[in-house]
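This report looks at charged side-chain pairs in a predicted model. The sequence and structure come next.

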Amino acid sequence: MTHLWVRAEQRPNEERVGLTPEGAAALVQAGLRVTVENSSVRAIPIQGYVQAGVEIAEENSWPQAPADAIIFGLKELPEDGTPLPHRHIMFGHAYKGQPAGRDLLKRFKAGGGTLYDLEYLVNEDGRRVAAFGYWAGYAGAAVALKTWAAQQRGGLVGPVSKYPGRQALLKDLAQDMHAMLRPRAIVIGALGRVGTGASDLCEALGVTVTKWDMAETAHGGPFPEVLQHEIFLNCILARPGCPVFVPASAKTDARALTVIGDIACDPTSDFSPIKVYDRATDWAAPALRVADNPPLDVTAIDNLPSLLPVESSEDYAAQLLPSLLTLTALDAGVWGRAKAEYDRHIATV
């Protein structure tokens, strides 16, 4: 019997989950064995899973899970160097030259396990079957606007925290920007899920948005228009051939740009399209100031949907459930393609 083990998230400020109680009940009904760990932080209470008829395990007990269990989480595992013998479903961030990703692959090789990377679960046409994109864009634009509002007050944005829902987020932002003239924003990747979320948030706050996608960026750059907007929101994943939208010279170039929201957030990738910074930011310090006079702040939080953990979990879990229902055929479909991607990268370790 296929056994899916939903682990508790161990990363700070991570309350999302990729399986709702309703989804868990559907998996049980389909004949899968499902175990869900208790969690002291998960946005969706454990009681719903109990009612769905799954097994409940202790928080962070997944290393002791049965050898045949498939461990399912969202964000990174603790970086303790231990070998990984299980099959894992998660966002590994391991295939784009990230140093920590290389270490993760070494752990899988040492333990004999397998990574089914959620970013590489794709259909026959190569499109991802599930993504947090919309809520990443929505929350990423919110953090960028909070950063811009803090600049108008002469400071650097303070810590951010989760919201119970989008209306609470919008109310907080409206208060932050009260009586301020609105900035202009440019969104690259505006036709995708991330860009749509970013644009929707901006427009809800009265921010004028220039929406660019493949047609506007096909010439490969340079892109001086980016520097002519106060806010730039990058919604394009770093991939080979990705053009540079913000070169290192932007720190000293003449510009209206004062806030970069790198929502795709891959600063350590060789293919990053933003060359003015080299590390992610976090909830405690959302923005990195990379230039002064005028200021240039970069926000690059890589778990943005956790600012709205319930809405983003429910949306993502609904997208992913049809694929989870096919876990009994791991060698085929989306899982077979993800395994092939893993095999290709593990061969280089």
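## Salt bridges across the chain

R11 has a relative accessibility of 23%, so this residue counts as partly exposed. Its partner in a salt bridge is E76, with the closest N and O atoms 3.0 Å apart. This pair links distant parts of the chain. R11 sits in the loop between strand 1 (3-6) and helix 1 (21-29). E76 sits in the loop between strand 4 (70-72) and strand 5 (87-90), and 65 residues separate the two. E76 is also partly exposed, at 24% relative accessibility. The pair belongs to a wider network of salt bridges that links R11, E76 and D302.

R33 and E55 form another salt bridge, at 2.8 Å from N to O. R33 lies in strand 2 (residues 33-37) and E55 in strand 3 (residues 55-57), so the bridge ties together parts 22 residues apart in sequence. R33 is partly exposed at 33% relative accessibility. E55 is partly exposed too, with a relative accessible area of 35%.

D80 and R107 also meet in a salt bridge. D80 is in the loop between strand 4 and strand 5, while R107 is in helix 3 (residues 99-111). They are 27 residues apart. Is R107 buried or exposed? R107 counts as buried because its relative accessibility is 8%, below the 20% cut-off.

The three pairs are listed here.

| Pair | N to O distance |
|---|---|
| R11 and E76 | 3.0 Å |
| R33 and E55 | 2.8 Å |
| D80 and R107 | 2.9 Å |

A search of the whole structure finds 17 salt bridges, including these pairs.

Key:
Residues numbered from 1 in each chain as written. Predicted model: local features only at pLDDT ≥ 70, side-chain atom pairs only at ≥ 80, totals over all residues. Heavy atoms only, no water. Salt bridge = Lys/Arg side-chain N within 4 Å of Asp/Glu carboxyl O. Helix = DSSP H or I, 4+ residues; strand = E, 2+ residues; numbered from the N terminus. Buried < 20%, exposed > 50% of the residue type's maximum accessible area, 1.4 Å probe, protein only.
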